[in-house]
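Biologist: Can you walk me through this one? I have some short questions.

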Amino acid sequence: MCLNAKDRNGRLRFSARVSKPMKRNRNNSVLFFIFIIGRSFLSYAMAYLIFLIILFSPLHTMAMDAHHTKRVVDGDTLLLDNDQFVRYIGINAPEVQHGNRQTEPFGTEAKNYNARLVKNREIYLVYDQETADRHGRELAYVYTRENIFINQMMLEQGWAYCLYKPPNLRFHALFLKAQRLAMQCQRGMWNGWDIQTLKLFANKRSRRFHREPCPFGVQIKRSNRILFSSLWEAFWEGYAPCKKCFPDGIFAAKED
Ligand SMILES: [Zn+2]
């Protein structure tokens with residue numbers, strides 16, 4: 001007690017209570033020891049956490065080569081300066097004219113928007129389980145040096161829709177969220193979308209939808225089958241159109 005008690009001259013004096021230095025020192029030593037151990041543990045925990053963040057961040061591959069775009073093919077494909085085609089994972093954009101195929105509605109807009117994002121910028125590729133498709137194109141998540149995630153941006157601005165394709169599903173949840181945002185805000189090709197009734201058969205496993213009388217739609221096992229009543233609903237749930245029964249894209253179907 002009275003640690004700060006002062007004597008008559010105003011000087012600090014110590015009472016008899018202070019005369020227990022041994023115990024106090026021992027307590028302090030224990031506390032100090034706990035503090036040191038705790039601090040080391042925290043340092044290790046922090047270092048480990050940072051290591052995990054770097055390991056699982058898509059940008060840890062930033063050490064990879066930077067590329068430049070030679071040509072933008074459409075809203076989901078580009079040609080790199082090393083003449084390698086890159087197909088963006090997890091998305092599909094309306095087609096532009098190639099071979100006998102005509103440009104689909106919004107195909108040009110999607111291509112132009114993609115070009116705005118990647119042209120004259122350093123870009124980096126991040127891979128998922130499969131690194132190439134059967135056409136020899138690299139399958140990648142594409143980032144710019146400014147950390148713009150192109151796959152996500154195409155969806156978020158409404159110039160592409162989600163394409164569920166196992167096993168490359170690392171960002172599927174993020175992509176569906178981006179697409180739903182675009183749909184809600186009626187951006188890009190979702191702008192002024194007229195929700196018409198259209199009976200669609202979909203496969204829960206492949207997440208593709210079909211319309212009558214597509215044979216692929218009829219073949220879906222009952223346990224995998226799900227029905228949608230509009231294109232909007234099917235897209236909202238993250239399903240993509242079958243190429244056989246939507247040969248000219250979804251917008252031709254919309255006008256039926
Ligand atoms: Zn079909």
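Modeller: What follows is a talk through a predicted model.

Biologist: How many helices and strands are there in the protein?

Modeller: The protein has seven helices and eleven strands. It runs to 256 residues, of which 29% count as buried.

Biologist: And of contacts between residues at least 6 apart in sequence, what percentage join residues at least 24 apart?

Modeller: That figure is 58%.

Biologist: On to the sheet. What is the strand order in the five-strand open sheet?

Modeller: The order is β1-β2-β3-β6-β5, with mixed pairing. β1 (69–72) and β5 (123–126) are at the edges with a single partner strand each, so each has one side without a neighbour in the sheet. From one strand to the next, the twist averages 45 degrees.

Biologist: What packs on that sheet?

Modeller: Helix α2, residues 107–118, does. It touches β1, β2, β5 and β6 (138–144), and its direction makes about 165 degrees with that of β1.

Biologist: Do me one pair of strands. In what sense do β2 and β3 pair, parallel or antiparallel?

Modeller: Antiparallel, over three bridges, between residues 77–80 of β2 and residues 85–88 of β3. Leu78 has Val86 in β3 as its bridge partner.

Biologist: Different topic: α4. Which of its residues are buried?

Modeller: Phe175, Ala178, Gln179 and Ala182 are the buried residues of α4. They lie on the same side of α4, because the arc they cover around the axis is only 95 degrees.

Biologist: What covers them?

Modeller: The cover over the buried residues of α4 includes β4 (91–92), α3 (150–156) and β7 (161–162). On the face turned away from the buried side, α4 carries the exposed residues Ala173 and Gln184.

Biologist: How far does α4 reach from its first C-alpha to its last?

Modeller: α4 takes in residues 172–184, 13 residues, and reaches 18 Å, close to the 18 Å expected at 1.5 Å a residue. Just after α4, Gln186 takes a positive phi of about 50 degrees.

Biologist: Last one, Tyr239. Where is it found?

Modeller: Tyr239 is in the loop between α6 (231–236) and β11 (240–241).

Biologist: Why does Tyr239 count as buried?

Modeller: Because Tyr239 has 25 C-beta neighbours inside 10 Å, and 20 or more is enough to be called buried.

Biologist: And which residues is Tyr239 in contact with, leaving aside neighbours within four places in sequence?

Modeller: Ala202, Arg207, Arg208, Phe209 and Ala234. Arg207 is 32 residues from Tyr239 along the chain, yet their C-alpha atoms are separated by 4.7 Å.

Technical notes:
Residues are numbered from 1 along each chain as its sequence is written. This is a predicted model: local features need pLDDT of at least 70, side-chain atom pairs count only at pLDDT 80 or more; totals for chains, interfaces and linings use all residues. Helices (H or I, at least four residues) and strands (E, at least two) are DSSP runs, numbered from the N terminus. The expected span of a helix is 1.5 Å times one less than its number of residues. A residue is buried if 20 or more other C-beta atoms lie within 10 Å of its own, exposed if 12 or fewer, and partly exposed in between; C-beta atoms are placed from the backbone. The arc is that of the directions from the helix axis to the C-beta atoms. Two residues are in contact if their C-beta atoms, placed from the backbone, lie within 7 Å. Two strands pair if DSSP finds at least two bridges between them. Axes are lines fitted to C-alpha atoms, for helices over the stretch in contact, and angles run from 0 to 180 degrees between N-to-C directions.
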